[in-house]
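Welcome! Take a moment to look over the sequence and the model below, and then we can walk through them together.

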Amino acid sequence: MASRQLTPFAVQVVQGKRYYWCACGRSQHQPFCDGSHEGSAIRPLVFVAERNEYLWLCGCKRSGTPPFCDGTHKRLSPDEPFGSEM
Ligand code: FES
């Protein structure tokens, strides 16, 4: 299983399908939610794919345009906390 990372995930999505992007960084099924946020105030971000395509989904959990990567990860150091560690 993929874990969170300081780079984006390239994910193929299906038009009309609902996705739950992990916002806490705890999921073991990145970049998607596996319920590991339970017990925290953080909830997954829900989105519906507009078309069949590949998307770059944020892995660092610091994007200003979640669930999509906006390049913020390029300014983070490898030891900087992210996700629920913030
Ligand atoms: S992985 Fe690019 S902004 Fe988070």
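Helices and strands here are runs assigned by DSSP, with at least four residues for a helix and at least two for a strand, numbered from the N terminus. Read in that way, the protein chain follows the pattern β-β-β-β along its sequence. That comes to zero helices and four strands. Please keep in mind that this is a predicted model.

**The chain as a whole**

The protein chain has 86 residues, and 26% of them count as buried. How much of the contact count comes from residues 24 or more positions apart? Among contacts with a separation of 6 or more, such pairs account for 54%.

**The nonpolar core**

In soluble globular proteins, nonpolar side chains tend to be buried together. In this model, the largest nonpolar core has ten residues. Cysteines in that core include C22, C24, C33, C58, C60 and C69, and among the other members are W21, A23, L55 and L57. One core member, C22, touches S27, Q30, P31, F32, C33 and P44, leaving out residues up to four places away in sequence.

**The loop between β2 and β3**

Strand β2 covers 18-21 and β3 covers 45-48, and P44 sits in the loop between them. Is P44 buried, exposed or partly exposed? It is partly exposed, because 19 C-beta neighbours lie inside 10 Å, while a buried residue needs 20 or more. Not counting neighbours within four places in sequence, P44 is in contact with Y20, W21, C22, A23, C33 and H37. Four of these names may look familiar: W21, C22, A23 and C33 also belong to the core.

G25 is found in this loop as well. G25 is buried, because 23 other C-beta atoms lie within 10 Å. P31 is another residue of the loop between β2 and β3, and the peptide bond leading to P31 from Q30 is cis, with omega near 5°. Both Q30 and P31 are touched by C22.

**The segment after β4**

Strand β4 covers 53-57, and P67 has its place in the segment that follows. The peptide bond from P66 to P67 is cis, with omega near 10°. Most residues other than glycine have a negative phi, and most peptide bonds are trans. K61 also lies in the segment after β4. What is the phi of K61? Its value is near 65°, which is positive in a residue other than glycine. K61 is buried, because 27 other C-beta atoms lie within 10 Å.

S63 belongs to the segment after β4 too. With 19 C-beta neighbours inside 10 Å, S63 counts as partly exposed, since the buried class begins at 20. Leaving aside neighbours within four places in sequence, S63 is in contact with C58, F68, C69, D70 and T72. Of these, C58 and C69 are core residues.

**Pairs apart in sequence**

The table gives C-alpha separations for three pairs of residues.

| Pair | Distance along the chain | C-alpha separation |
|---|---|---|
| P44 and W21 | 23 residues | 5.4 Å |
| G25 and Q5 | 20 residues | 8.7 Å |
| S63 and H73 | ten residues | 7.4 Å |

For a last look at the model, try finding P44 and W21, whose C-alpha atoms are separated by 5.4 Å. From there you can move on to the segment after β4 and look for K61.

Methods:
Residues numbered from 1 in each chain as written. Predicted model: local features only at pLDDT ≥ 70, side-chain atom pairs only at ≥ 80, totals over all residues. Buried ≥ 20, exposed ≤ 12 C-beta atoms within 10 Å, placed from the backbone. Contact = placed C-beta atoms within 7 Å. Core = buried A, V, L, I, M, F, W, Y, C linked by C-beta atoms within 7 Å.
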